[in-house]
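Here is a quick tour of a protein model for anyone who would rather be at the bench. Have a look at the structure first, then read on.

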Amino acid sequence: MLKIDNLGVKYGAVSGVKKIDLLVNQGELVALLGANGAGKSTTLLAVAGALKCDQGSIVFNGQDITLYPPEKTIRMGIAMVPETRDVFPDLTTHENLKLGAFIRSRDKVGIEQDLEKMYGLFPILKDRVNQSAGTLSGGEQQQLVIARALMSRPKLLLLDEPSLGLAPAIVDHIFELILHLKNQGLTILLVEQNAVKALQLADRAYVLSLGTVATAGPAKDIASNSDLASIYFGN
Amino acid sequence: MIGQIIQFTIDALSLGSLYALMALGLVIVYGILKLVNFAYGELIMVTGYTLFLLSGSPLPWIVMAGCGILMAVFFGILTELIAFRPVRAKSVTAVLITSFAFSTLLQNAALLFISPRSRQVPLPDLFTQSVELAGVIIPLRNIITIIFAVVLLILFALLLKKTVLGIALRAAASEFRMARMLGVPANLVISLAFAISGFFAGVVGILWLGRIGVVLPTIGLEPLLIAFIATVIGGMRSLQGAVLGGYLLAFIDISLNYTLPQDLLQFRDAFTFSFVILLLVLKPEGLIKGPATGQRT
């Protein structure tokens with residue numbers, strides 16, 4: 001479904017990603033692990049079209065999307081949940097969700113149905129419906145941005161550090177949700193610091209180090225064979 | 001006494017309405033791009049010269065005014081296409097300079113092709129008539145200005161609150177990149193902001209010309225300055241702040257008009273700016289802070 005070949009992304013003179021090859025199949029949950037600065041978020045942002053690629057190619061469902069801007073990749077069916085969450089702070093929860101469906105604004109009935117679905121899936125958001133998103137807690141904001149991404153009815157969901165900075169109970173809740181989405185058949189590319197939890201959910205995993213793929217394989221093998229500490233701290 | 005209060009209120013509210021619309025037109029672009037459009041005042045000039053050029057035609061005045069506003073919208077979008085879009089991604093300095101350049105270009109075009117001297121614009125009788133209320137004479141144009149501003153502000157608020165495009169515009173003002181990742185086209189939002197800015201400039205142009213009756217190449221300078229100061233005291237990141245700042249600035253101006261002795265009146269702006277400085281010392285962020293993100297796009 002998603003095929004990344006020899007991807008390179010630079011921030012000025014510094015390369016965030018040097019050479020990454022990655023494959024995500026339909027219906028899979030693929031985890032992207034690695035230390036800070038390994039290039040995980042950069043890879044996701046490049047797929048979403050928010051960062052320019054300097055080399056390599058990104059192909060999605062047979063179409064080359066390497067040079068697509070973000071407003072085009074979302075129309076291809078790629079939704080992004082960024083690490084920085086990026087709720088629109090002065091918009092209400094409801095408006096944030098509605099904007100998630102921007103690319104299918106004409107489908108009024110479908111949007112109403114999906115809004116109800118999201119409030120069912122994330123009951124806490126229902127209590128915050130008319131509250132401005134900037135006043136929500138971190139966990140609530142995280143649920144809001146996931147729900148907002150789902151409002152576009154994506155084929156591929158890019159999740160960047162969904163558990164970052166959240167209380168353990170909420171982290172469990174978020175992971176349950178990811179599992180639920182996976183079981184519904186959604187294809188997910190997940191970046192996570194919490195490698196143990198991510199590997200429990202994932203089908204396959206890639207371990208990045210300094211902008212390249214260090215190891216890749218089925219999640220079970222990565223979990224049992226590799227020393228997780230070395231993934232994060234280098235050998 | 002009651003008459004004086006009415007007169008003061010209407011004076012302050014009508015000038016405030018004008019300032020608020022000016023400020024709103026400036027801040028709508030600032031909100032999205034985090035850049036001040038220095039060619040904003042020239043949009044008012046464009047409206048003025050459109051009225052002047054149409055003055056000989058048999059068109060009814062209201063159509064001329066509509067053309068004037070449309071031209072301001074057109075030039076607003078043109079500003080974006082010529083001065084902003086080519087250099088937007090490159091550097092702030094470049095955009096500042098191109099917007100100054102575009103402003104100078106328009107001013108000089110007016111100097112060259114029309115005249116450096118002021119030109120009379122056609123105005124309907126409505127703008128020169130007045131009504132008597134509680135013993136004081138109120139110019140009708142002041143009442144028209146207030147009504148116009150209130151209607152426009154309500155419509156604009158509804159547009160921002162109720163339409164998808166309005167929500168997208170507000171979203172893009174705080175998290176531009178995220179809005180794009182949800183599919184909001186960057187160029188559409190920016191052009192829309194410039195078009196709205198041009199629309200406000202056009203309306204302000206008509207009402208401003210209704211007060212002074214003539215157009216000249218440098219007519220845009222004062223509105224730009226007023227709009228800028230109003231947005232600074234109101235809070236540059238908030239639309240409500242711009243409106244509030246506009247009304248407050250007019251309130252200060254009119255209060256000084258009423259209270260300053262005759263021989264000090266020519267220094268009114270010095271007093272106004274002293275108040276503005278004092279206000280900024282007390283509230284450096286402006287009256288309304290707005291969302292805490294200021295990332296430039």
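What follows is a short report on the fold, the domains and the chain contact.

## Ground rules

This is a predicted model, in which local features need pLDDT of at least 70, side-chain atom pairs count only at pLDDT 80 or more, and totals for chains, interfaces and linings use all residues. Residues are numbered from 1 along each chain as its sequence is written, while chains are lettered from A and ligands numbered from 1 in the order in which they are written.

## Chain A overall

Chain A has 10 helices and 10 strands (DSSP runs, H or I of at least four residues for helices and E of at least two for strands, numbered from the N terminus). Its C-alpha trace spans about 50 × 40 × 35 Å along the principal axes.

Of the 235 residues in chain A, 46% are buried, meaning that 20 or more other C-beta atoms, placed from the backbone, lie within 10 Å of the residue's own.

## Two domains

An automatic or database assignment splits chain A into domain 1 (1-71 + 161-169 + 187-235) and domain 2 (86-154). The C-alpha centres of these two domains lie 26 Å apart. Their contact (C-beta atoms, placed from the backbone, within 7 Å) takes 4 residues from domain 1 of chain A and 4 residues from domain 2 of chain A.

## Where the chains meet

Chain B puts 17 residues into its contact with chain A, and chain A puts in 22. On the chain B side, α6(B) gives the most, with 6 residues.

Key:
Contact = placed C-beta atoms within 7 Å. Buried ≥ 20, exposed ≤ 12 C-beta atoms within 10 Å, placed from the backbone.
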